[in-house]
Amino acid sequence: MLLRNVIQFSRHVTRSVRRNYQVSVKLLCKESGQNENASVVKGNMAEKTPRILITGGLGQLGTECAKMLRRHYGNKNVILSDIIKPTEESLAYGPFIFADILDFKGLQKIVVDYRIDWLIHFSALLSAVGEQNVPLAVRVNIEGMHNVIELAKQYKLRIFIPSTIGAFGPDSPRNPTPNVTVQRPRTIYGVSKVHAELLGEYYHHRFGLDFRCLRFPGVISSDPPGGGTTDYAVAVFHEGLLNKRYECYLEPNTRLPMMYIEDCLSALLQFLNTPNELLQRRVYNVTAMSFTPEELFNEVFKYIPDLKISYKPDARQHIAENWPQVFDDSEARRDWGWRHKYDLERLVESMVRDVSVNYLPKMQLNQINR
Ligand SMILES: NC(=O)c1ccc[n+]([C@@H]2O[C@H](COP(=O)([O-])OP(=O)(O)OC[C@H]3O[C@@H](n4cnc5c(N)ncnc54)[C@H](O)[C@@H]3O)[C@@H](O)[C@H]2O)c1
């Protein structure tokens, strides 16, 4: 009886938190004329502006994520870090520091000196690169993750660690792949991500750590990708616009889940700001669409009609064949209202524009100087 009352009460609280969250998102959205995600942040900013550290921040996701978070929380509240040399542009808008995730004391010093509240952990070796150097992938992806999670526990940080479709394997259902199912990945990248998901959940239940994790599909942005299996969907825009040719390392009919960077960042921002009461899980699938190389190239032909495509599958084909084809993100949509905005048509239109404006002039200059 007592148990039933407790359960009923907790359901009531969750329902009312969700109702209030949705109402405040909509109201703020109306008032500010901004998108829903920006409004959520505005609502929370009244409470406290978090100071955020991004590790591996000069990679494909970190670069764009820093820009987005700085727009919302202010330039000086977002500290970008990496072990590679920053460009002038990455230094222009806010603090950048050297941070090796294998150096625990160095990380402690940063958290203390900058009074960090949230940690966004992007440092990793991606799937294709990880297979080429397994010992380094173990160090960066597993030992590095041990450091940041322990750090988050010690200093009571909210910690976000991305996972991936690569956290699934040949025994997982591939179409669709639900939030909770068999995960037996066959790459060191996937193994390290399952490890991160499980350790994060364990720290949450054992120590109350505010661990949050989204499994992203292939993320498509104009920034150069870091050696993943879905990189073809970025490379075709760079090489297609510059050389009107692209040799694809996957078979034409290899279907994989994907999302445009704007949707990836919206999901991250909204998820980081979702009240704990609404999170029935600490790890959620998110996605926007699924397509094959052939379907993507057919859309790209509309903008680059003289583009020549050839196919030469390599080791990445084998990785892709063991990954989800269609990702089921219904739990993220149900629990915290995740919605994507970009479908294949909008994605291609945006990528052609982004690469033409941001990269084509630089790439053409490099070609002339060669
Ligand atoms: N890009 C995608 O499509 C995608 C999809 C799913 C998940 N993710 C995840 O998102 C995160 C970021 O991905 P990305 O595409 O930006 O990767 P990326 O390879 O572009 O960037 C990773 C960064 O980590 C840095 N790094 C490597 N070793 C380090 C160390 N010892 N200390 C500190 N930094 C170090 C690198 O210098 C690099 O800048 C990764 O965890 C990845 O698994 C990415």
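These legends walk through close-up views of a predicted model.

**View 1. The chain as a whole, before we zoom in.** Start with the full chain, which has 370 residues, 43% of them buried. Its secondary structure adds up to 15 helices and 13 strands. The contacts reach a long way along the sequence, too: among those between residues at least 6 apart, 76% join residues at least 24 apart.

**View 2. The shell around the ligand.** Here you're looking at the 28 residues around the ligand, with Gly-56, Gly-59, Ser-123, Ala-124 and Gly-226 coming nearest. Three elements each give two or more residues to this shell: α3 (60-73), α7 (134-154) and β8 (218-220). The largest share comes from α3, which hands over 3 residues. As for the chemistry, the shell splits into 14 nonpolar, 12 polar and 2 charged residues.

**View 3. Strand β4 and its two faces.** Now look at β4, which covers residues 118-121. Trp-118 and Ile-120 point one way from the strand, while Leu-119 and His-121 point the other way. Whichever way they point, all four of these residues are buried.

**View 4. The strands that pair with β4.** Strand β1 (residues 52-55) pairs with β4 in the parallel sense, over 4 bridges. Strand β5 (residues 158-160) pairs with β4 as well, again in the parallel sense, this time over 3 bridges. Ile-120 is a handy residue to find here: Ile-54 stands opposite Ile-120, and so does Phe-160 in β5.

**View 5. Helix α5 and its buried side.** This close-up shows α5, residues 104-113, whose buried residues are Leu-107, Ile-110 and Val-111. These three sit on the same side of α5 because they cover an arc of only 95 degrees around the axis. What lies over them? The cover for the buried residues of α5 includes β1, β3 (96-98) and α7.

**View 6. The other side of α5, and what follows the helix.** Turn to the other side of α5 and you'll find Lys-105, Val-112 and Asp-113, which are exposed. Then keep an eye out for Arg-115, which follows α5 and has a positive phi, near 50 degrees.

Conventions: Residues numbered from 1 in each chain as written. Predicted model: local features only at pLDDT ≥ 70, side-chain atom pairs only at ≥ 80, totals over all residues. Near = placed C-beta within 6 Å. Nonpolar A, V, L, I, M, F, W, Y, C, P; charged D, E, K, R; others polar. Buried ≥ 20, exposed ≤ 12 C-beta atoms within 10 Å, placed from the backbone. Pairing = 2+ DSSP bridges. Arc of directions from axis to C-beta. Contact = placed C-beta atoms within 7 Å.
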